[in-house]
Amino acid sequence: MNLVDKLSEKLLPIVSKINNQRHLLAIRDAFIITMPLVMAASFMVLLNALIFSNAAVQKIVDLSFLSELAVIVNNGTMSILAIIVCYNIGVNLANFYVQSKAIDDPAFNSVHAGVLSLATMFILMPVNTLVTLADGATAEVGGVFSQALTSSSGLSTAMICALVSTELFVRFAKFKKLKIKMPDGVPPAVATSFNSLVPEVLVVLIFGLFVFVLKKATGLNVPDLINLAIQTPLKGFVLSVPGMLFIQFFSDFLWVFGMHGSSILAPIKQAPMLQSIEENMLAFQNHQDIPNIITEPFANAFGLIGGGGCILPLVIAILWVSRRKDQRQVAKLGLTTCMFNITEPVMFGLPVVMNPIFMIPCAIIPSINLIIAYFATSIGLVGKTVAAAPWITPPVIQSFIATGGNIMASVLTILLIVLDVFLFMPFVIASNKEAQLRGEELLE
């Protein structure tokens, strides 16, 4: 058994268990649901920057009055992300318990878990908020939930509320003595509400008491406590260069063993990355300095050229220098899919997965790209990312859209593709020599 097989034998069961862990699965699927909203907000930010507020366009036709559209769309998308994520985590986690038969009660409804998650989230949120008035002065107002806590900034609070409240709800729902049975003939919606009445009330009271005791004892509110203990350290790691490179390398490392690294790591990186791109979008929309280099669109545009492992340059390298007929056939078939960042045909068809020759470059080259892109962005050669392009957007176009129309971002992507092709070439040649040693015939 070679080293790759030994690593795979040890790694696969661990990663498979992590990937199917109920809490991480619920978080990951909840974030996936938000992607269309993030795309919609990004699209409006780009329209605002490139058309509505563009000085060159205004010389032809004044569309500045449409710039408010971006704000309106943002209010219904990025500004309510925490609410959407909170509800869906509760529903997803409750559905897991139903599907796994951990709770076997036909009257149990996962929608109640989602609604309860939202209720507990708002219980934890303070209603006294510091606001900025029109004249620039600040004032504290009561009875207002801060948009900062309903947007990506409040995702940590949302995730914790959804997980804890749903776990408590499911456990209480298992106690038969806490259920209120309704007579036959009562509408199902009424029956499920009464069935969940006592468990939900208990969860709400637990959260309410916790907030009350915490405020009386320390004067702190829960979102501030979570931000201090969890969100700030996590954001600091994920949005740092070492954190970015660790996540990218580990993601690609899992990929070459046949596991979807991006999905596995999504629960860890998604909240800080969403907050990062939202801050950039707001700054771009308000014509302010863009604060963050590291965002998910940045990692996608420069670290996932052709998908996980930067497969597009590998395909080009194979078509250029490989004399193996099997490799060239797979590369021809996979070229189209890689142009849209779909890597599976090449990953499993070539294969890259469990292939000692191609595993090394596919795990390392994306991180090299990110180091170069980070340096180029930090010195101002390339614009920072301000929008989220759909993941199937072709690489050069994706970097152009993600940076709000920055030409140098597209130029950098082309240069990275060229560099990656040359980096992959020695490994392609090595695979040809290895095939030749096995007695396979190579093309002339």
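## Report on a predicted model: cysteines, spaces, backbone and charge pairs

Under the rule that a disulfide is a pair of cysteine sulfur atoms within 2.5 Å, the count of disulfides comes to zero. C310 takes part in no disulfide, and the nearest cysteine sulfur, that of C362, lies 8.1 Å away, which is too far for a bond. Relative accessible area is read here with a 1.4 Å probe and protein chains only, so that buried means under 20%, exposed over 50% and partly exposed in between. C310 is buried, with a relative accessible area of 0%, and C362 also counts as buried, at 0%.

The structure is a predicted model, in which local features need pLDDT of at least 70 and side-chain atom pairs count only at pLDDT 80 or more, while totals for chains, interfaces and linings use all residues. Residues are numbered from 1 along each chain as its sequence is written, and side-chain values use heavy atoms, with hydrogens and water left out.

**Cavities and pockets**

Rolling a probe the size of a water molecule over the atoms shows where empty space is left. On a 1 Å grid over the protein atoms alone, a cavity is a set of points where a 1.4 Å probe fits but cannot get out, whereas a pocket is an open set with protein on both sides within 12 Å along at least five of seven lines; lining residues have an atom within 4 Å of a point. Grid points are joined across faces, edges and corners, and a volume is the space filled by probe spheres set on the points.

A search of the whole structure finds three cavities of 30 Å³ or more, and the largest cavity holds about 110 Å³ of space. Its lining includes M244, I247, Q248, S251, K269, M273 and L370. Helices, here DSSP runs of H or I with at least four residues, are numbered from the N terminus. The elements that give two or more residues to the lining of the largest cavity are α12 (241-255), α13 (261-285) and α14 (296-303), and α12 gives the most, with four residues.

The largest pocket has a volume of about 810 Å³, and of the 32 residues that line this pocket, H260, S262, E296, N300 and W391 lie nearest its centre. Two or more lining residues come from each of α2 (22-52), α13, α14 and α19 (395-402), with α13 giving the most, eight residues. S262, E296 and N300 are also among the residues that line the largest cavity.

**Salt bridges**

Side chains of opposite charge can pair when their charged atoms come close. With a salt bridge taken as a side-chain nitrogen of Lys or Arg within 4 Å of a carboxyl oxygen of Asp or Glu, the structure holds five salt bridges, among them the pairs below.

| Pair | Closest N to O distance |
|---|---|
| R22 and E167 | 3.3 Å |
| R28 and D29 | 3.3 Å |
| E279 and K235 | 2.9 Å |

R22 lies in helix α2 and E167 in helix α8 (residues 155-173), so the pair ties together parts that are 145 residues apart in sequence. R22 is partly exposed, at 26% relative accessible area, whereas E167 counts as buried, at 11%, and R22, E167 and R171 are linked in a network of salt bridges. In the second pair, R28 is buried, with a relative accessible area of 16%, while D29 is partly exposed, at 28%.

For the third salt bridge, which joins E279 and K235, E279 lies in helix α13 and K235 in helix α11 (residues 222-238), so the pair ties together parts that are 44 residues apart in sequence. E279 counts as partly exposed, at 26% relative accessibility.

**Backbone geometry**

Most residues other than glycine have a negative phi, and most peptide bonds are trans. A cis peptide bond, with omega of about -10 degrees, joins L350 and P351, and P351 is found in the loop between α17 (344-349) and α18. K101, a residue other than glycine, has a positive phi near 65 degrees; K101 lies in the loop between α5 (81-99) and α6 (110-124) and is exposed, with a relative accessible area of 62%. N341 likewise has a positive phi, of about 65 degrees, although it is not a glycine; N341 sits in the loop between α16 (325-339) and α17 but is buried, with a relative accessible area of 9%.
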